[in-house]
Amino acid sequence: SNNVSLLTEHNESTCQRSCKPGTFESAKQWRSLFHNSEKLMKIDHDKQAKKALILMVVGRKAAGYVNEFVQKMGTTHFDFMFVTYDEFDWTQMKWYKKATFVKQPPNNGGKTNWVMKYHFLGPDTVKPYSHICPWDDDLVPISSPNFDSGIFLQWMQQLRLGIFQPMIGQSSHAHFYEGTSIMHRSNRTQIHEIKTVEIMAPCYAINIWLDCIRENMVANFTTGWGVDVVLHKLQCAPQRVYSVRMGFDHMDQNSLAKEGAEEEFQYYMDRSEEMKKRGEYGEMRSYTVDVDEDCVVRMNTFDHETRENA
């Protein structure tokens, strides 16, 4: 009797621990491979799951996009910090109490955006999170059955992505940055090595942000131009940076001024000669995302020719 009981407990434990092996095809199919949300996010029962933090500098001009952004992302997997620079009334938003709002500090000469991202994303703020995403205020998740903020967080955490961005639909800079548009690469691949993660939508693992990117930023620069093409390539940065096939439209609102962009960019470029830069990129690979029966999530290289002939 006791032996049967122990065997039953062991079988139940094994069943709860395992997943159905498979490759991502759709958000619904992918979630079906995991028994529950705890397995999807690898949550230990005695620990609280870490979220990622998204910071935006926001005002009246982009309020509608910000509202749509939060509603589509949800507040289960991501926390939001909004730095406000005008008197727009954010309390009218249904999700207002689930986000953190901070006022732009007075007497800062009107400098916004990346000055605020540097200022507010210090060690004490970011420590509780696995990743931070200092984004522009005009990004909106694409309405698609395959957009899933929980899966987005799962991939950034379990695939240990250091510097990456979501793929961009509307108003992407596809002609400049190969691999960043949802039209790029095979739609059967989810993770892509790229040369440049764009400054409008980067995400960073916390250690990369604190020890590499923020450490080398100029604290009072506004636009962030140069962070992407220079700082992401420092020796302290990961060898590979990625795009993730979770699509966002770039509404191209231009709600924040771009004064000083060329000067800031040139400053970073001039400094780049003094910094240790990583080596050449080599082949830009694309990957499928797979899970095994023990719920281990991995990237697997996608062989286009093999898949086409299979």
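Q: Does Asp79 count as buried, exposed or partly exposed, and what is its relative accessible area?
A: In this predicted model, a residue is called buried when its relative accessible area is under 20% and exposed when that area is over 50%. Asp79 falls in between, so it counts as partly exposed, with a relative accessible area of 21%.

Q: Which residue forms a salt bridge with Asp79?
A: The closest N and O atoms of this salt bridge are 3.0 Å apart, and they belong to Asp79 and Lys51. The pair links distant parts of the chain, since Asp79 lies in strand β3 (residues 78-84) while its partner, 28 residues apart, lies in the loop between α3 (37-41) and β2 (52-58). That partner counts as partly exposed at 24% relative accessibility, and it is Lys51.

Q: How many residues apart are Arg31 and Asp148?
A: The side chains of Arg31 and Asp148 meet in a salt bridge, with N and O at 2.7 Å. Arg31 belongs to helix α2 (residues 27-32), whereas Asp148 lies in the loop between β6 (139-141) and α7, so the pair links distant parts of the chain, and the two residues are 117 residues apart.

Q: Which of these two partners is buried, Arg31 or Asp148?
A: Arg31 has a relative accessible area of 32% and is therefore partly exposed. The value for its partner is 13%, which is under the 20% that buried requires. The buried partner is therefore Asp148.

Q: A side-chain oxygen of Asp148 reaches to the backbone nitrogen of which residue?
A: This contact is found at the start of helix α7, a helix that spans residues 149-158. The side-chain oxygen of Asp148 comes to within 2.9 Å of a backbone nitrogen there, and that nitrogen belongs to Gly150.

Q: How many of the residues of helix α7 are buried?
A: Among the buried residues of α7 are Ser149, Ile151, Phe152, Trp155 and Gln158. The helix as a whole is mostly covered, and the count of buried residues is 9 of 10.

Q: Which residues have the most contacts inside the largest nonpolar core?
A: The largest nonpolar core has 51 residues, and one of those with the most contacts inside it is Trp155. Leaving aside residues up to four places away in sequence, Trp155 touches Phe24, Trp30, Val244, Met246 and Val289, among others. A second, separate core of 34 residues includes Cys212 and Phe221. For the largest core, the residues asked for are Trp30, Trp135 and Trp155.

Q: What is the angle between the planes of Trp114 and Trp209?
A: The structure holds 26 aromatic pairs. In the pair of Trp114 and Trp209, the rings are 6.5 Å apart from centre to centre, and the pair is tilted, with an angle between the planes of 50 degrees.

Q: Trp114 and Trp209 lie in which helices?
A: Trp114 counts as buried at 1% relative accessibility, and Trp209 counts as buried at 0%. The pair links distant parts of the chain, 95 residues apart, with Trp114 in helix α5 and Trp209 in helix α8.

Q: Why is the pair of Phe221 and Tyr267 edge-to-face?
A: Phe221 is buried, with a relative accessible area of 17%, whereas Tyr267 is partly exposed, with 37%. Planes over 60 degrees apart count as edge-to-face. The ring centres of Phe221 and Tyr267 are 5.5 Å apart, and the pair is edge-to-face because the planes are at 85 degrees.

Q: Which side chain makes a polar contact of 2.8 Å with the side chain of Asp290?
A: Asp290 lies in strand β11 (residues 286-291) and counts as buried at 14% relative accessibility. Its side chain has a polar contact of 3.5 Å with the side chain of Thr288. The polar contact of 2.8 Å is made with the side chain of Thr23.

Q: Which residue is joined to Ser286 by a polar contact of 2.9 Å?
A: Ser286 is also found in strand β11, and at 12% relative accessibility it counts as buried. Its contacts beyond four places in sequence include Thr189, Ile191, His192 and Phe302. The polar contact of 2.9 Å runs between side chains, and the partner of Ser286 is Arg185.

Terms used:
Residues numbered from 1 in each chain as written. Predicted model: local features only at pLDDT ≥ 70, side-chain atom pairs only at ≥ 80, totals over all residues. Heavy atoms only, no water. Helix = DSSP H or I, 4+ residues; strand = E, 2+ residues; numbered from the N terminus. Buried < 20%, exposed > 50% of the residue type's maximum accessible area, 1.4 Å probe, protein only. Polar contact = N/O pair within 3.5 Å; in protein donor to acceptor, adjacent residues only side chain to side chain. Phe/Tyr/Trp six-rings, centres within 6.5 Å; stacked < 30°, edge-to-face > 60°. Core = buried A, V, L, I, M, F, W, Y, C linked by side-chain atoms within 4.5 Å. Contact = heavy atoms within 4.5 Å. Salt bridge = Lys/Arg side-chain N within 4 Å of Asp/Glu carboxyl O.
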